[in-house]
Amino acid sequence: MADTIDLYSDRGAKLKSGVDINDISPMRNAAIKSIVTGIKRTAAVDLAGIEKTLATSAIGGKGRKIPGREMKLDIVKNAAAIQKAVTEMVQVDSGDDTVVKALNGGKQLIVQVPSVRIDVAAEYVSSLTCTASAVTQALVSQFNIGMFDAPTVKSAVWGQYPQTLDMVGGNVKSIVEIPQKDEGFGYTLRNVMANHLAAVCKKNAMNTAALCSILENTGVFEMGDAIGNQTRHRLLAFSHQGLNANNMVYGTTKALGKTGTIGSAVHACVEKAIADKVISADKKFASGYTTYKTNDVGKWNAYCAAGTLVATLINCGAQRAPQAVSSVLLYFQDLIEKETSLPGCDFGKVQGAAVGFSFFSHSIYGGGGPGVFNGNHVVTRHSKGLAVPCVAAAVALDAGVQVYSPEKTSGLVGDVFSAVDEFREPIKAVAGAV
């Protein structure tokens, strides 16, 4: 492959020129490897939440309360001692890459278990399990908890587990779901709620889309869907949509300005493709309608992917609400197919996902807003890597109109995971690693 791109920031500043697309592959880019490994290694601990849970004996979530089991412990005030104890238990060797830090005045801990715990495991849950065990032991030791009260402390940390598959009502969180909730091979990195991503990136839409795109496309590699002739196809779409390659996303969005629409985003995408000789006129009918052809299907798909995100930023950004993202995903493709006679983004799979998405997110069914969706969901998983980054970006643009907002669902993970620079600003990190 001889494809090269220029990488731009979330504000349109050039970061790197002449980058071989192989260098932004999840298999090669050091920053992407670090982001993915870091996410698997990282857990967020809500020390203030544990303190409140014990004080009220509201243990296990969902309105559960056990009268008479209240415990008054100054956990936040003792965060430094708890941090030290957790570090000593979680680390494997002194000086390894274990990270345990207290945040926000001791209200939270960020725990990154050493890489060896992930490397030797069959799964990626060591961040949750080892952290929860260490925090439980640290609290029991710090406050000299007796054998009859220790189970209450354990439940405040772990929640209902193991009575439930996951840690319902617990106070240790990861942004990836547990393996039992994955829909199939390689879905773990696609199983991250859009609200989580927006919270981690502090609702910066470009970086939110980038983080989502990194995780989605790394999952695509894990699934075996980026093998052989699919490798270039996937990397082109990933770079143009997720990493703002050649400043297509930011530059086009800015150029369309306050008067931009989904239709003008379609026109801009087609005009850019014609100017760059990605597509060319094929046949003109008596009505004046012209069909187009392409000699580079992968690059055309990449332009459509970038254009889809542009349309999302324009439309959902204008209304400061994410609910319309399914309509954008649908009608950008519908319009660009009619405009060119060529397939839209991901050969119709983005368009198909959008139809089911609108029904499930806010139509007759209305089971939840866009923020609670992920690439593992039954209606969004079909377009691998190219639909959900737009959903995540739309959620980042939300001014608070969702019932299930990032602030409601993702406060802990947002506060903790955003403390890691490469999670919060992935575009800069990826460009810095090429």
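## Pocket exercises on a predicted model

Helix 12 contributes the most to the lining of the second largest pocket, giving four residues. Keep in mind that this is a predicted model. Let's work through its pockets together.

**Exercise 1.** Find how much space lies in the second largest pocket, and say which residues are closest to its centre.

*Solution.*
- Start with the volume: the second largest pocket holds about 420 Å³ of space.
- Next, look at its 17 lining residues; closest to the centre are T253, L313, I314, G317 and L397.
- Then turn to the elements: helix 8 (205–223), helix 10 (248–256) and helix 12 (297–319) each give two or more residues to this lining.
- Finally, sort the lining by character: eight residues are nonpolar, five polar and four charged.

**Exercise 2.** Describe the largest pocket by its volume, its central residues and the elements that line it.

*Solution.*
- The volume of the largest pocket is about 860 Å³.
- Its lining has 35 residues, and those closest to the centre are D166, M167, K173, H196 and T409.
- Two or more lining residues come from each of helix 2 (47–56), strand 6 (172–173), helix 16 (406–409) and helix 17 (411–417).
- Among the contributors, helix 2 has the largest share, with four residues.

**Exercise 3.** Work out how the lining of the largest pocket divides by residue character and which domains it draws on.

*Solution.*
- By character, the lining of the largest pocket has 13 nonpolar, 14 polar and eight charged residues.
- By domain, at least three residues come from each of domain 1 (4–37 + 191–433) and domain 2 (42–181).

Note on methods
Residues are numbered from 1 along each chain as its sequence is written. This is a predicted model: local features need pLDDT of at least 70, side-chain atom pairs count only at pLDDT 80 or more; totals for chains, interfaces and linings use all residues. Side-chain values use heavy atoms; hydrogens and water are left out. On a 1 Å grid over the protein atoms alone, a cavity is a set of points where a 1.4 Å probe fits but cannot get out, and a pocket is an open set with protein on both sides within 12 Å along at least five of seven lines; lining residues have an atom within 4 Å of a point. Grid points are joined across faces, edges and corners, and a volume is the space filled by probe spheres set on the points. Ala, Val, Leu, Ile, Met, Phe, Trp, Tyr, Cys and Pro count as nonpolar, Asp, Glu, Lys and Arg as charged, and the others, Gly among them, as polar. Domain bounds come from an automatic or database domain assignment.
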